[in-house]
Amino acid sequence: MKAQAHTSTARRIIHDDPSEGAAAIIKTAIIETPRVKNDNGKDAKADAKADRGQVVQSLCRALNILTILGSNDGPMTLTELSEAATLSPSTTHRLLTTLQYERYVRFDQSARGWVVGVQAYMTGANFLKTRNLVDVARPRMRRLMEESSEIVNLAVEENGEALYLARVGGPRAAQVAVPQTDRTLLHCSAVGKALLAGMPETKVQTIVTQRGMRQFTRSTLSSLPALYRDLTLVRTRGYALDQEERVSGLRCVAAPIFDENSRVMGALSLSGSSRRIEDARLRALGEMVKRAAAAVTQELGGRVPVPN
């Protein structure tokens, strides 16, 4: 079947961020995926479902067993694995033997069960070395911006501050007076509080002691107990709010991004004027940014912690 591919187009969108210095302009390259059609004018993607016969069933089953082992906290017996994978014990054992030969699994003699092997660890460790937070997050940021019509930010903690790595703004971006910096204190920003919420209280206290709690507006949190109460809410609902605490007239909603050990490694946020981000929208926007952050977490190989 002859396929006709439409020419792909690339648009480089340059968003003017009022920040000074090298971070003043965030360049976001959006590559539009070409749509391939067959001779009948139908998307080739639809035909992909018909090609599932080319999938190697035994490989899919083996990878499923590896996934089951990786998500379990301890060794698993042959019976447990065969039931979880909905396979016969003989088929499960044959696949385990193959994986064991390649060192992706091993049999723990003391526990009398199967566990993940060293080769699986080495493969995962290589992924961790090559992953890039900005590259992984950028498509989600673009989608979140289109879904919310607000500015989307990506930040990490550095030296007790939130460092903005990327920003994607839509047509309304120029209408929002964002802070004139590529950094901000943690206690007064949504991204900052999303980052703080994943830290031990001792680290939060250290950062506050070093950086202080500068009062930017009448809404800025000004005491450590007040900050602790707010961080408890962040952990409960899964997202943080900046209720005009950094800049009057500006509201932000942020959610944390986690690594493979469920530690916070960054945060996504939505920023917009208080006229647009009204009280009635806060919950919906919070769930929206939380879903986006969870998707980035998953694509990075991270784990969202289970609330206590």
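Helices and strands are runs assigned by DSSP and numbered from the N terminus. In the predicted model described here, Leu87 is placed in the loop between α3 (78-84) and α4. Leu87 has a relative accessible area of 16% and is therefore buried, the limit for that class being under 20%. Leaving aside residues up to four places away in sequence, Leu87 touches Arg61, Ile65, Ser82, Thr92 and Leu95. For one of these residues, Ile65, the C-alpha atom is separated from that of Leu87 by 9.8 Å, and the two residues are 22 residues apart along the chain.

The protein chain as a whole contains 10 helices and 12 strands. Of its 308 residues, 42% are buried. Among contacts in the chain with a separation of 6 or more, 58% are between residues 24 or more positions apart.

Helix α2 (residues 57-71) packs with helix α4 (residues 89-101). The axes of α2 and α4 are 10 Å apart and make an angle of about 80°. Because this angle falls in the range of 65 to 115 degrees, α2 is roughly perpendicular to α4. On the α2 side, the residues in contact are Ser58, Arg61, Ala62, Ile65 and Leu69. On the α4 side, they are Thr91, Thr92, Leu95, Leu96 and Leu99. Sorted by class, the contact of α2 with α4 is made up of six nonpolar, three polar and one charged residues. Residues of this contact also touch Leu87, including Arg61 and Ile65 of α2 and Thr92 and Leu95 of α4.

The structure has 15 salt bridges. One of them joins the side chains of Arg211 and Glu161, with an N to O distance of 3.8 Å. This pair links distant parts of the chain, 50 residues apart: Arg211 belongs to helix α8 (residues 201-211), and Glu161 to strand β8 (residues 161-168). The two partners fall in separate accessibility classes. Arg211 is partly exposed at 37% relative accessible area, whereas Glu161 is buried at 16%.

A salt bridge also forms between the side chains of Lys193 and Glu245, at 2.9 Å from N to O. Lys193 lies in helix α7 (residues 190-196), while Glu245 is in the loop between β10 (240-243) and β11 (250-258), so this salt bridge ties together parts that are 52 residues apart in sequence. Lys193 and Glu245 are both buried.

In a further salt bridge, between Arg263 and Asp259, the closest N and O atoms are 3.3 Å apart. Asp259 is buried, with 9% relative accessible area. Salt bridges that share partners join Glu158, Glu161, Arg183 and Arg211 into one network.

The number of disulfides in the model is zero. A disulfide is a covalent bond between the sulfur atoms of two cysteines. The case of Cys252 shows why no such bond is assigned to that residue: the closest cysteine sulfur, in Cys188, is 9.9 Å from the sulfur of Cys252, which is too far for a bond, since the two sulfur atoms would have to be within 2.5 Å. Cys252 is buried, with a relative accessible area of 10%. Cys60, by contrast, counts as partly exposed, because its relative accessibility of 40% lies between the limits of 20% and 50%.

Notes
Residues numbered from 1 in each chain as written. Predicted model: local features only at pLDDT ≥ 70, side-chain atom pairs only at ≥ 80, totals over all residues. Heavy atoms only, no water. Buried < 20%, exposed > 50% of the residue type's maximum accessible area, 1.4 Å probe, protein only. Salt bridge = Lys/Arg side-chain N within 4 Å of Asp/Glu carboxyl O. Helix = DSSP H or I, 4+ residues; strand = E, 2+ residues; numbered from the N terminus. Axes fitted to C-alpha atoms, helices over the stretch in contact; angles between N-to-C directions. Parallel < 35°, antiparallel > 145°, perpendicular 65-115°, else oblique. Contact = heavy atoms within 4.5 Å. Nonpolar A, V, L, I, M, F, W, Y, C, P; charged D, E, K, R; others polar.
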